[in-house]
Amino acid sequence: MPRIAALCITLVILATPLSGCYSFEEESSILSEDLSISPEVLLGAHFQSVEFSSSSSMSVHVPYLVIDAESGYVVNGTTLDFDGAGTTTIEMLAPSNLASAHFLLGELGRDGWPLRATNQSWSEWFNSSEFDDSAYPYLEHPVLRENESGYTVEEGALHSTGIIDGLSIYEWMEVFTDLDSGYNERWGPFTLYDPTYIRAVNFMQGELQGMGYDTQIHRYWISDFSYAVNVCGYKEGTMFPDEWLVLGAHLDIAEAGSPPGGGTHIGAQDNGAGVALVLEAARGLAQFDHRRTLVVCFWSNEENGYDGVDRWIENIPSGVTLSNYLNADAVGTNWPGYYTLVVDIIPETDNQINEQWPMVRLTEWVGSNNNDIAEALRLGREIYNTEGYASMKDVDSSDQKRLSISVHESQRGRSDYERVADQLGVVSMDFGSLTGGSDCYHAPCDTLDTMIDMMVTDNATGVQNLVESFDLITWWLFDLAMYLDETPIYDES
């Protein structure tokens with residue numbers, strides 16, 4: 001009879017490569033042909049029932065998110081033990097943006113496998129000399145993500161289906177940033193009931209309520225001339241309700257007169273896109289039970305002093321702690337375009353860039369386990385180490401046509417995540433892209449059309465690339481939240 005053992009893979013990831021308990025000679029009796037998987041093609045970007053049938057004794061490691069049948073929680077991978085011929089079925093999330101999934105095989109009872117580097121793809125790993133030194137059987141199985149009918153590839157069809165998807169984000173952005181009817185001029189707010197700002201707040205409240213969150217508008221009077229208004233959704237955890245995992249983005253935009261571009265009426269990249277990505281990730285996460293309370297917040301006043309997040313931090317209920325915080329700010333115009341996707345992780349306290357490797361490695365692992373980005377991750381690390389943070393955020397180097405993603409411990413956090421990390425000591429991260437190096441940063445031209453123009457590449461339209469960018473980041477947020485719900489990463493600096 002097969003046995004399913006839930007396995008938290010995070011500790012394995014952080015210690016890669018990890019030697020297994022068995023030599024390659026002991027694995028020689030295990031053949032990939034002895035394992036069959038149904039359906040013949042997995043449906044990408046969906047949880048689905050996957051049947052594993054073994055004709056011999058073996059252990060099979062599944063390095064993907066799985067719904068545990070007993071608890072109902074999502075777990076970070078699992079190992080199936082077959083003590084002979086047998087069949088078992090699990091609910092598994094197939095990769096969102098890869099053409100295949102990989103399953104690791106070993107003798108019955110094996111509980112460790114040498115693994116790929118976090119910025120290496122499975123195919124690179126299985127063709128490497130490092131794998132040859134400790135080879136084990138594995139099975140590669142096809143994955144296909146369906147395209148929404150009625151859309152072309154150029155219009156974003158490749159990332160249009162699943163629990164969450166990039167095309168839905170793009171279409172939401174078309175409404176939210178419409179020049180005439182969109183939720184524009186989200187400045188400040190200048191009063192507790194600023195009608196323009198509150199129109200956007202009420203809209204976001206409705207979005208979160210429709211997903212099932214307990215949604216609250218938090219208003220803070222700071223002085224006669226200073227106010228903050230956040231909108232947050234809460235989904236109570238069923239195991240650790242007083243430990244909160246928070247996702248957030250600032251809802252406000254740069255008001256008239258803001259440097260360096262004079263302010264904006266639309267704020268599509270900064271920060272309509274961040275709001276859209278977090279909201280879409282929240283839509284997916286709302287469909288599942290979580291151990292920790294899931295909080296989704298859209299902050300005010302990021303552009304003029306962080307009053308929104310600061311007042312929220314001051315009013316966290318007694319006895320509540322934060323486990324991790326995930327942020328999105330000024331993002332979207334990045335990989336697969338010619339601008340770097342910048343993933344900052346903090347706190348950083350000793351100027352050595354050595355305190356947050358656990359979160360850096362987990363983030364790279366999660367991203368490359370679901371997307372073909374290993375080469376972009378390696379290039380991003382090289383750019384960060386040789387040219388520095390400013391070269392990606394404050395310098396427009398798109399003429400070099402580099403396809404890069406940098407995941408790093410940062411010495412220069414500059415958004416709401418900085419306040420959470422600094423004031424609460426919580427490991428926090430931000431997804432961002434070019435800001436100071438763009439002529440449209442805090443400027444009237446920060447529109448969706450500008451984002452589309454910036455994302456044109458030699459082999460794809462701006463819309464196609466922007467949809468893929470949205471899809472990549474929102475899935476990354478979703479997957480990270482699932483991993484961190486099971487196993488938070490705490491600050492050890």
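Which residue follows α6, and what is the sign of its phi? Here are some friendly notes on this predicted model, starting with that helix.

1. **The end of α6.** The residue is G212, and its phi is positive, near 105°. At the other end of the helix, a side-chain oxygen of D194 comes to within 3.2 Å of the backbone nitrogen of T196, at the start of α6.

2. **The length of α6.** The helix covers residues 195–211. With 17 residues at 1.5 Å a residue, a span of 24 Å is expected, and the end C-alpha atoms are 25 Å apart, so the two values agree.

3. **The surroundings of α6.** Its buried residues are Y197, I198, A200, V201, F203, M204, Q205 and L208. If you want to see what covers them, look at elements including α5 (166–176), β10 (214–223), β11 (226–235), α7 (268–285) and β13 (292–299). Two of these, β11 and β13, come back in the next point, as C232 lies in β11 and C297 in β13.

4. **The disulfide between C232 and C297.** The structure holds two disulfides, and one of them joins C232 to C297, with an S to S distance of 2.1 Å. This pair ties together parts that are 65 residues apart in sequence, because C232 sits in strand β11 and C297 in strand β13. The torsion about the S-S bond is about 115°, so this disulfide is right-handed. C232 is buried, at a relative accessible area of 0%, and C297 is also buried, at 0% relative accessibility.

5. **The disulfide between C440 and C445.** Here the S to S distance is 2.0 Å. The torsion about the S-S bond is -115°, and the link is left-handed. What about exposure: is C445 buried or partly exposed? At 28% relative accessibility C445 counts as partly exposed, whereas C440 is buried, with a relative accessible area of 15%. With the bonded cysteines of the chain numbered in sequence order, the pairing reads 1-2, 3-4.

6. **Strand β16 and its partner.** How many residues of β16 are buried? Five of the five residues in this strand (405–409) are, which leaves β16 mostly covered. I405, V407 and E409 point one way from the strand, while S406 and H408 point the other way, and all of them are buried. Strand β15 (residues 341–346) runs parallel to β16, and five bridges join the two. Within this pairing, V343 stands opposite V407.

7. **Helix α9.** This helix takes in residues 357–370. Its 14 residues should span 20 Å at 1.5 Å a residue, and the end C-alpha atoms are indeed 20 Å apart, so expectation and model agree. Eleven of the 14 residues are buried, so α9 is largely enclosed by the rest of the structure. They are M359, V360, L362, T363, E364, W365, V366, G367, S368, N369 and N370.

8. **Confidence.** Across the chain the mean pLDDT is 93, and 94% of the residues reach 70 or more. Where does pLDDT stay under 50? That stretch is residues 6–25, for which the model nevertheless has 52 contacts beyond four places in sequence. Where pLDDT is low, the predicted coordinates should not be read in detail.

Technical notes: Residues numbered from 1 in each chain as written. Predicted model: local features only at pLDDT ≥ 70, side-chain atom pairs only at ≥ 80, totals over all residues. Heavy atoms only, no water. Helix = DSSP H or I, 4+ residues; strand = E, 2+ residues; numbered from the N terminus. Expected span 1.5 Å × (residues − 1). Buried < 20%, exposed > 50% of the residue type's maximum accessible area, 1.4 Å probe, protein only. Contact = heavy atoms within 4.5 Å. Polar contact = N/O pair within 3.5 Å; in protein donor to acceptor, adjacent residues only side chain to side chain. Disulfide = S-S within 2.5 Å. Pairing = 2+ DSSP bridges. pLDDT = per-residue confidence, 0-100.
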